[in-house]
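Colleague: Got a minute to walk me through this model? I'd like to start with a backbone detail.

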Amino acid sequence: MRHWLIALALGSAYLIAYLPALSAGYVYEDRYFVDVPFDRPTPELSLNPRSLPDVTFGLQAGASPRAHHAVNMVLHALVAALVGIWLVLCGQSTSAAWIGVTLVLLHPMSVESTAYVASRPELLA
C-alpha cells in the first residue's frame, strides 16, 4: 500500500510540474521533426540510431503540439519507471529506487528532453 501512495504522490508532482508543457507550441527546430508530409511513408526501423525517433515522429504526422508533448511526457515517465526497476534489480533498496525515480522525473535537467519535442531521441536513447 505504501508504494502506491508514493507512486500517486510522485505522479501528482510530475503532472503539476509538466502539465504546462501540454499548452506549449513548437519551439526552435521542432517543426523540422514534426512537419512530415502525409504522403511520405513512415520510416522503417533499422540499426540507424535515428530510426526509432523517426518512426515515432512519422506515426504522429499531422498531430498537434499537445499530442507530441504528451508522448514525450509518457516516454519520460516510462524512462523513470525503468530506472526504478533497474535500481531494484541491481540490488538497491526500494527507498533508493524511489529516490532515483524522483530524481529522473523531477530534476530540472530533464525538462528539456520532456518539453522540447525535438529532444525525443534523448528519451528513446
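Colleague: Which residue with a positive phi follows α4?

Modeller: That residue is G91, with phi near 95 degrees. Keep in mind that this is a predicted model.

Colleague: Noted. How many helices and strands does the protein chain have?

Modeller: There are 7 helices and 0 strands. Along the sequence the pattern reads α-α-α-α-α-α-α.

Colleague: Back to α4. How far apart are its end C-alpha atoms?

Modeller: They are 36 Å apart. α4 has 25 residues, and at 1.5 Å a residue the helix should span 36 Å, so the two values agree.

Colleague: Which residues of α4 are buried?

Modeller: H68, H69, N72, M73, L75, H76, A80, G84 and L87.

Colleague: Why would residues three or four places apart point the same way?

Modeller: An α-helix has 3.6 residues a turn, so that spacing brings them round to the same side.

Colleague: And what do the buried residues of α4 pack against?

Modeller: They pack against α1, α2, α3, α5, α6 and α7.

Colleague: Take α5 from that list. What angle do α4 and α5 make?

Modeller: About 155 degrees, with the axes 8 Å apart. The two helices are therefore roughly antiparallel. Their crossing is right-handed.

Colleague: Which residues meet there?

Modeller: From α4 (residues 65–89), H76, A77, V79, A80, V83, G84, L87 and V88 take part. On the α5 side the partners are A96, A97, G100, V101, V104 and L105. By class, this contact has 11 nonpolar, 3 polar and no charged residues.

Colleague: Which residues of α1 meet α5?

Modeller: R2, H3, I6, A7, L10, A13, Y14, A17 and Y18. They meet T94, S95, W98, V101, T102, L105 and L106 in α5. The contact divides into 11 nonpolar, 4 polar and 1 charged.

Colleague: Are α1 and α5 roughly parallel or roughly antiparallel?

Modeller: Roughly parallel. α1 (residues 2–22) and α5 (residues 94–106) pack at about 10 degrees, and their axes are 10 Å apart.

Colleague: Switching to the whole chain. What share of the residues is buried?

Modeller: Buried residues make up 32% of the 125 in the protein chain.

Colleague: And what share of the contacts with a separation of 6 or more comes from residues 24 or more positions apart?

Modeller: For the protein chain, that share is 72%.

Methods. Residues numbered from 1 in each chain as written. Predicted model: local features only at pLDDT ≥ 70, side-chain atom pairs only at ≥ 80, totals over all residues. Heavy atoms only, no water. Axes fitted to C-alpha atoms, helices over the stretch in contact; angles between N-to-C directions. Helix = DSSP H or I, 4+ residues; strand = E, 2+ residues; numbered from the N terminus. Parallel < 35°, antiparallel > 145°, perpendicular 65-115°, else oblique. Contact = heavy atoms within 4.5 Å. Nonpolar A, V, L, I, M, F, W, Y, C, P; charged D, E, K, R; others polar. Left-handed = near helix turned anticlockwise from the far one by under 90°. Expected span 1.5 Å × (residues − 1). Buried < 20%, exposed > 50% of the residue type's maximum accessible area, 1.4 Å probe, protein only.
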